[in-house]
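Hi,

Here is the structure I said I would pass on. Have a look at it first, and my notes follow below.

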Protein chains: 2
Amino acid sequence: MTAMDAFQDHYPDNVAHCYGCGRLNPHGHQIKTIWDGDETVTVYQPEPFHTSVPGFAYGGLIASLIDCHSTGTAAAAMYRQEGRDMDSLPAFRFVTASLHVDFLKPTPIDAPVEIRGRVQEIKGRKVVVRTEVRSGGVLTARGEVVAVQMPENFGA
Amino acid sequence: MTAMDAFQDHYPDNVAHCYGCGRLNPHGHQIKTIWDGDETVTVYQPEPFHTSVPGFAYGGLIASLIDCHSTGTAAAAMYRQEGRDMDSLPAFRFVTASLHVDFLKPTPIDAPVEIRGRVQEIKGRKVVVRTEVRSGGVLTARGEVVAVQMPENFGA
């Protein structure tokens, strides 16, 4: 993987339909996350209709971005820990066990939203990711996601 | 307010554009929440493209529904506490200070999702709402939202 392609570009096709991050979901956000040193970064431009009150992005969007950013970060961190390319097998794909968001101030809707994540802990199949959300350099929200490797029988 | 109209039908026009719950946002979810005794209930049918993995609803949608259900519940609870109609002034409108979701199992995408909430605490301008998410009667997620009355200068 080169520096510029995104974690989500490497998700196996059968798990690339997520509304938040799946490259195969034409209706979705299709977020893209990359490494920046030990941090992971997603930049997303809200749509004009992703409103909370006029002028600001709604909390569900911020939560969604944090969620998918963090499961992507969890997968990337596991590959990195194993020194493996993200296209190598077996594939890592994570689901969210818990999601926590603290909304600190309104996030403007007309500017790109930047999410930065750090892996707090890797323990077995579980990865804890902490995130900060900024708009124009101003911190507007903090997130914490507990991500777990998708069970083989997920949804069965 | 009659038993059948929803909390969101009473939001003042200038705060009825939320992507999750605003009746004036034609792109959004436009959720509707009502009282059922001491509980509040929202039923929402996910769109086919609200996918996590095929067949299941993505976590960001569940988080969004919990978020808007809970701010609506907070407003309704404040009116009820004051014995006031939801159209009376001054209007109560809440924003989310924090959102927590525990995802217990995948939520099917092809069936209505039911969110039930209870007010855990009202303290000054803050209301804590706990929610359970079910599909076909099966508990799939739990939420807790700390909602606060929207400041007069919100976004200023």
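**What lines the pockets**

The lining of the largest pocket splits into 19 nonpolar residues, eight polar ones and three charged ones. Keep in mind that this is a predicted model.

That pocket holds about 510 Å³ of space. It has 30 lining residues, and the closest to the centre are A:S52, A:F103, B:V95, B:T96 and B:F154. Three elements each give two or more residues to this lining: helix 1 (59-82) of chain A, plus helix 1 and strand 3 (94-103) of chain B. Strand 3 of chain B gives the most, with four residues.

Now for the next one. The second largest pocket has a volume of about 410 Å³. Its lining counts 26 residues, and A:V95, A:T96, A:F154, B:S52 and B:G59 are the closest to its centre. Here the elements that give two or more residues are helix 1 and strand 3 (94-103) of chain A, along with helix 1 of chain B. By type, the lining of the second largest pocket has 15 nonpolar, eight polar and three charged residues.

Since helix 1 of chain B turns up in both linings, it gets its own paragraph. This helix covers residues 59-82, and its 24 residues reach 35 Å from first C-alpha to last, close to the 34 Å expected at 1.5 Å a residue. How much of helix 1 of chain B is buried? Mostly covered is the short version, with 21 of its 24 residues buried. Just after helix 1 of chain B comes B:G83, which takes a positive phi of about 65 degrees.

Cheers

Conventions: Residues numbered from 1 in each chain as written. Chains lettered and ligands numbered in written order. Predicted model: local features only at pLDDT ≥ 70, side-chain atom pairs only at ≥ 80, totals over all residues. Heavy atoms only, no water. Expected span 1.5 Å × (residues − 1). Buried < 20%, exposed > 50% of the residue type's maximum accessible area, 1.4 Å probe, protein only. 1 Å grid on protein atoms, 1.4 Å probe; cavity = no way out; pocket = protein on both sides within 12 Å on 5 of 7 lines; lining within 4 Å. Points joined across faces, edges and corners; volume = space filled by probe spheres on them. Nonpolar A, V, L, I, M, F, W, Y, C, P; charged D, E, K, R; others polar.
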